[in-house]
Structures are given as C-alpha cells and as structure tokens.
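Hi everyone, thanks for making time for this. I'd like to walk you through one model today, with charged side chains as the main topic. Here it is on the screen.

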Amino acid sequence: MSQSMQPQVLPPPDPLVKKPRLISNGGVLGSEWRIGRGFSVGEVKAVGLTISEARLLGIRVDLNRDSVWDINVQRLREWLGKVISGEALPPEPVLPRVIRIKRKKGRVFRALTPAGRKMRGGLMSVGLRETHVHKWRKKPRRGPRRGDMSR
C-alpha cells in the first residue's frame with residue numbers, strides 16, 4: 001500500500017461533562033458542556049469495552065465519575081466503528097507509569113529508636129512512662145500581651 005492509502009491515526013474523542021451550576025452566577029449556565037478528564041466506567045462498558053481495553057486503545061478513563069451521558073457513548077461508538085472498519089487507526093498504547101516508592105527515612109520520628117520512643121511517648125517502661133506529658137506543657141508567658149492593659 002502506498003502512504004496515501006493507509007488510514008491515519010485518529011485519537012479518541014474528548015469526553016464531555018456538564019458544568020456545575022454556580023451560585024455566584026445565579027444558577028445560570030454559561031455553556032452547558034466542557035471537556036472532562038476521562039470517560040466514566042459506565043460509558044466505557046456501554047460501548048462494550050473493559051477499562052484495560054479502553055486504556056490500550058488510548059481512551060482516557062476517569063474512575064471518579066459515575067455519570068453516564070448518551071452523547072459520550074454515541075461519540076465513543078462512532079470512533080470505535082471507524083477503528084473497527086479500518087477507516088482510522090487508534091493511537092499507540094501507552095505503557096503504565098512506574099511508581100517508585102521511596103524508602104522510609106526518619107527513624108527517630110517513627111519511634112524506631114529509644115530517643116524517638118521517648119519523644120513520642122511510646123516507651124512504656126517504668127522510668128519513662130509519663131515523659132510525654134512534658135512535651136505538651138505550655139510555655140510561660142513573658143510580659144503583657146499586646147492590647148492587654150490589665151497586666
């Protein structure tokens with residue numbers, strides 16, 4: 001096939017969500033729809049895809065959304081129909097992000113040392129049972145406070 005005969009890569013449509021009604025605007029909507037973060041799980045399942053299949057096709061999925069809008073389902077079906085018929089190609093699948101977890105630091109703060117246990121009040125030996133009470137003792141005030149004429 002020549003370059004002109006190959007179908008072009010067509011990204012999936014943007015999900016539409018309704019704008020919230022703002023009290024500051026008197027409950028009046030400016031424009032009713034805006035572009036959302038992703039399609040809801042219900043919209044993806046209404047098209048006949050799972051979440052992992054949708055993400056492999058480049059469709060953004062928002063797990064926090066519960067609403068299912070017919071306009072989004074219709075737009076997804078049209079795009080998926082073009083991809084299945086061969087008129088357009090889906091974008092390349094994106095690998096999931098690798099989440100790196102940092103090792104725990106701050107041994108004293110997490111009470112992993114005797115000094116940390118004493119600081120946090122977790123050492124329950126006889127000699128140090130109530131030492132954590134001293135941590136929260138209020139500091140004595142110095143001099144009169146601003147605006148206080150009684151002292």
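Let's begin at Arg 60, which counts as partly exposed, with a relative accessibility of 40%. Before going on, please keep in mind that this is a predicted model.

So which residue forms a salt bridge with Arg 60? The partner is Asp 14, and the closest N and O atoms of the two are 3.5 Å apart. Asp 14 lies in the segment before strand 1, which covers 16–18, while Arg 60 sits in the loop between helix 2 (51–56) and helix 3 (70–85), so this pair ties together parts that are 46 residues apart in sequence. Asp 14 is partly exposed too, with a relative accessible area of 35%.

Let me step back to the overall layout for a moment. The protein chain has two strands and four helices. Reading from the N terminus, the order of elements is β-β-α-α-α-α. The chain has 151 residues, and 19% of them count as buried. About 12800 Å² of the protein chain is exposed, and carbon and sulfur atoms supply 56% of that. As for contacts between residues at least 6 apart in sequence, 49% join residues at least 24 apart.

Back to the charges. How many salt bridges does the structure hold? There are three, and you have already met the one between Asp 14 and Arg 60.

Another one joins the side chains of Lys 18 and Glu 32, at 3.2 Å from N to O. Here Lys 18 is in strand 1 and Glu 32 is in the loop between strand 1 and strand 2 (33–35), so to speak two distant parts of the chain, 14 residues apart, linked by the pair. Lys 18 counts as partly exposed at 36% relative accessibility, and Glu 32 is partly exposed at 39%.

That leaves Glu 43 and Arg 65, whose side chains meet in a salt bridge at 2.8 Å, N to O. This pair also links distant parts of the chain: Glu 43 belongs to helix 1, residues 41–47, and Arg 65 to the loop between helix 2 and helix 3, with their positions 22 residues apart in sequence. Are these two residues buried or exposed? Glu 43 is buried, and Arg 65 is buried as well.

If you'd like to find them on the screen, look for Asp 14 with Arg 60, Lys 18 with Glu 32, and Glu 43 with Arg 65. Thanks for listening!

Conventions:
Residues numbered from 1 in each chain as written. Predicted model: local features only at pLDDT ≥ 70, side-chain atom pairs only at ≥ 80, totals over all residues. Heavy atoms only, no water. Buried < 20%, exposed > 50% of the residue type's maximum accessible area, 1.4 Å probe, protein only. Contact = heavy atoms within 4.5 Å. Areas by Shrake-Rupley, 256 points an atom, 1.4 Å probe, with all protein chains shown as cover. Salt bridge = Lys/Arg side-chain N within 4 Å of Asp/Glu carboxyl O.
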